[in-house]
Amino acid sequence: QDQLQPSWAAAVVDRDGWVVAHSRDPARYVGQLGPLEAVARLQSADEGWFTFVSAQGELRDIAFTHVTLSGWAVVMGLPHATLMAPVRISTLQLVVGGLATLALALLFAGLVGRQVSRPIRQLVALGERVGRGEHIPLTRTGLRETDSLARTLHEAAERLAQAAAERQMLLERTVQGQEEERRRIARELHD
């Protein structure tokens with residue numbers, strides 16, 4: 001009894017369910033028949049545990065084992081809240097730890113996202129300039145993959161500029177050729 005917590009109780013119950021010894025208030029419990037539901041559970045197995053509502057309305061966890069020679073049972077009971085307290089504490093610690101880990105992960109993801117989105121925004125601006133036919137400088141974005149794409153956009157802009165220059169030169173030649181042909185036809189008609 002000295003080693004039991006104040007809210008715990010231990011008892012010895014005979015094979016019919018009568019309390020033979022009790023750690024808390026023996027004068028009240030010794031010689032009394034245990035609650036019928038509890039007695040039925042004690043008689044149903046050699047050992048085990050179950051949750052039970054006490055006469056005071058407290059939810060208690062009961063563990064028991066039978067002594068082989070006598071058939072009597074040694075019963076230990078404690079409040080369900082006491083038994084579950086370590087589980088609640090561990091669960092709370094896991095939840096808090098999980099939330100802290102999630103917060104750190106989201107923070108890290110945000111930082112990484114910013115590091116990736118900046119070069120992407122740069123590439124979008126470069127792509128728009130290429131689409132307008134502008135010359136773009138070779139740009140470094142800070143990420144290997146986006147640097148590669150920036151280099152490709154630069155090369156594409158150079159090829160587009162070269163193609164536009166060639167097109168302009170061909171157009172000028174075509175206009176010049178048409179003008180010369182017009183003059184030749186006008187001379188022939190005039191003569």
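**Exercise 1. What percentage of the 191 residues of the protein count as buried?**

Before you start: this is a predicted model, where local features need pLDDT of at least 70, side-chain atom pairs count only at pLDDT 80 or more, and totals for chains, interfaces and linings use all residues. Residues are numbered from 1 along each chain as its sequence is written, and side-chain values use heavy atoms, with hydrogens and water left out.

Step 1: Get the cut-offs straight. Buried means under 20% relative accessible area, exposed over 50%, and partly exposed in between (1.4 Å probe, protein chains only).

Step 2: Read off the share, which is 20% of the 191 residues.

**Exercise 2. Work out the order of the elements and the overall spread of the protein.**

Step 1: Count the elements. There are 4 helices and 5 strands, where helices (H or I, at least four residues) and strands (E, at least two) are DSSP runs numbered from the N terminus.

Step 2: Walk along from the N terminus, and you meet β-β-α-α-β-β-β-α-α.

Step 3: Check the spread. The protein has a radius of gyration of 45 Å, well over the 16 Å from the globule rule for 191 residues, so it is more spread out than a compact globule. (That radius is taken over C-alpha atoms, and the rule is 2.2 Å times the number of residues to the power 0.38.)

Step 4: Picture the box. Along the principal axes, the C-alpha atoms fill roughly 145 × 30 × 30 Å.

**Exercise 3. Track down some salt bridges and say how covered their partners are.**

Step 1: Know the rule: a side-chain nitrogen of Lys or Arg within 4 Å of a carboxyl oxygen of Asp or Glu. The whole structure has 9 such bridges.

Step 2: Take R140 and D147, whose closest N and O atoms are 3.5 Å apart. R140 is exposed because its relative accessibility is 70%, while D147 is buried because its value is 7%.

Step 3: Try E145 and R144, with 3.6 Å between the closest N and O atoms. E145 counts as exposed at 52%, and R144 counts as exposed at 67%.

Step 4: Move to R184 and E181, which meet at 2.4 Å, N to O. Both sit in helix α4 (residues 144-190), 3 residues apart, or about one turn of the helix. R184 is partly exposed at 32%, and E181 is partly exposed at 35%.

Step 5: Look for shared partners: R129, R132 and E134 are joined by salt bridges into one network.
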